[in-house]
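Trainee: I should like to understand the reasoning behind the words used for a structure. May we go through it together?

Mentor: Certainly; let us look at it and begin with a definition.

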Amino acid sequence: MSRTMPLAENREQTDVLVIGAGLAGLVAAAEALDAGRSVMVLDQENEANLGGQAWWSFGGLFLIDSPEQRRLGIRDSLELARGDWLATAGFDRDTDVWGRQWAEAYLDFAAG
Ligand SMILES: Cc1cc2nc3c(=O)[nH]c(=O)nc-3n(C[C@H](O)[C@H](O)[C@H](O)COP(=O)(O)OP(=O)(O)OC[C@H]3O[C@@H](n4cnc5c(N)ncnc54)[C@H](O)[C@@H]3O)c2cc1C
């Protein structure tokens, strides 16, 4: 059951309060329910956006030059993917060093 109400008016009790209904929060809520706890999930977004970023990803998967792409004749490569990622991310500050390293690691993973 889901409800939208101002927090100040909400006097319900719960064993577990999960803040954020993204994948992490929903998995935590499911685990708590499986363990027999009562669970309340709060999110800053409305019900239509349940799932956080997963809602926006549409269940999409980031794969590079996969067998399926090759089978369909889709040209792809690590270099193309890296170019797309770097052009979108626009890493241009010293503080981007970790973001860039993460991107490189993820690109290698997705191309494997
Ligand atoms: C277009 C797109 C494609 C993607 N493709 C892939 C992919 O191929 N492979 C992959 O591994 N990952 C992919 N991702 C990333 C993946 O979807 C996210 O890493 C994952 O969904 C994050 O889940 P999360 O629960 O950690 O965080 P989030 O989904 O960000 O959830 C956090 C939730 O907390 C809520 N919240 C935040 N602050 C508050 C607050 N103060 N009070 C109440 N609620 C709050 C937010 O509204 C949100 O619902 C993609 C993401 C996008 C957008």
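Mentor: Two residues are in contact when heavy atoms of theirs lie within 4.5 Å. Please also keep in mind that this is a predicted model.

Trainee: What share of the contacts in the chain between residues at least 6 apart in sequence joins residues at least 24 apart?

Mentor: The share is 39%.

Trainee: Which elements does the chain have, and in what order do they run?

Mentor: The chain has 5 helices and 2 strands. Read from the N terminus, the order is β-α-β-α-α-α-α.

Trainee: How do you know how the chain compares with a compact globule of 112 residues?

Mentor: One sets two radii of gyration side by side. A compact globule of 112 residues would have a value near 13 Å, whereas the chain has 20 Å. The C-alpha trace spans about 55 × 40 × 25 Å along its principal axes.

Trainee: What percentage of the residues in the chain is buried?

Mentor: Buried residues account for 16% of the 112 residues. To be counted there, a residue must have under 20% relative accessible area. As for the surface, the chain exposes about 8,900 Å², and carbon and sulfur atoms supply 56% of that area.

Trainee: Why is tryptophan 56 called exposed?

Mentor: The term exposed requires a relative accessible area over 50%. Tryptophan 56 has 57%, and therefore it is exposed. This residue belongs to helix α2. Its C-alpha atom is 28 Å from that of serine 38, with the two positions 18 residues apart in sequence numbering.

Trainee: Is aspartate 65 buried, partly exposed or exposed, and why?

Mentor: Its relative accessible area is 26%. Buried would need a value under 20% and exposed a value over 50%, so aspartate 65 is partly exposed. Aspartate 65 sits in the loop between α2 and α3 (67–71). Its phi is near 50°, which is a positive value in a residue other than glycine.

Trainee: What makes aspartate 92 count as exposed?

Mentor: Aspartate 92 has 61% relative accessibility, and the cut-off is over 50%, so the residue counts as exposed. It is found in the loop between α4 (78–89) and α5 (97–111). Aspartate 92 and arginine 11 are 81 residues apart along the chain, and their C-alpha atoms are separated by 48 Å.

Trainee: Let us turn to the ligand. Which of the residues around it come nearest?

Mentor: There are 19 residues around the ligand, and Leu23, Ala24, Asp43, Gln53 and Phe62 come nearest. By type, the shell divides into 9 nonpolar, 8 polar and 2 charged residues.

Trainee: How do you know that leucine 23 and glutamine 53 make polar contacts with the ligand?

Mentor: A polar contact is a pair of N or O atoms within 3.5 Å. A polar backbone atom of leucine 23 is 3.0 Å from an oxygen atom of the ligand. For glutamine 53, a polar backbone atom is 2.8 Å from an oxygen atom of the ligand. Both values are within the cut-off, so both pairs are polar contacts. A backbone N or O atom of alanine 54 also lies 3.5 Å from an oxygen atom of the ligand.

Trainee: How much of the ligand does the protein bury?

Mentor: Taken alone, the ligand exposes 1,000 Å², and the protein buries 55% of that.

Trainee: Which elements give two or more residues to the shell around the ligand?

Mentor: They are α1 (23–34) and α2 (53–57). Helix α2 gives the most, with 4 residues.

Key:
Residues numbered from 1 in each chain as written. Predicted model: local features only at pLDDT ≥ 70, side-chain atom pairs only at ≥ 80, totals over all residues. Heavy atoms only, no water. Near = heavy atom within 4 Å. Polar contact = N/O pair within 3.5 Å; in protein donor to acceptor, adjacent residues only side chain to side chain. Areas by Shrake-Rupley, 256 points an atom, 1.4 Å probe, with all protein chains shown as cover. Nonpolar A, V, L, I, M, F, W, Y, C, P; charged D, E, K, R; others polar. Rg over C-alpha atoms; globule rule 2.2 N^0.38 Å. Buried < 20%, exposed > 50% of the residue type's maximum accessible area, 1.4 Å probe, protein only.
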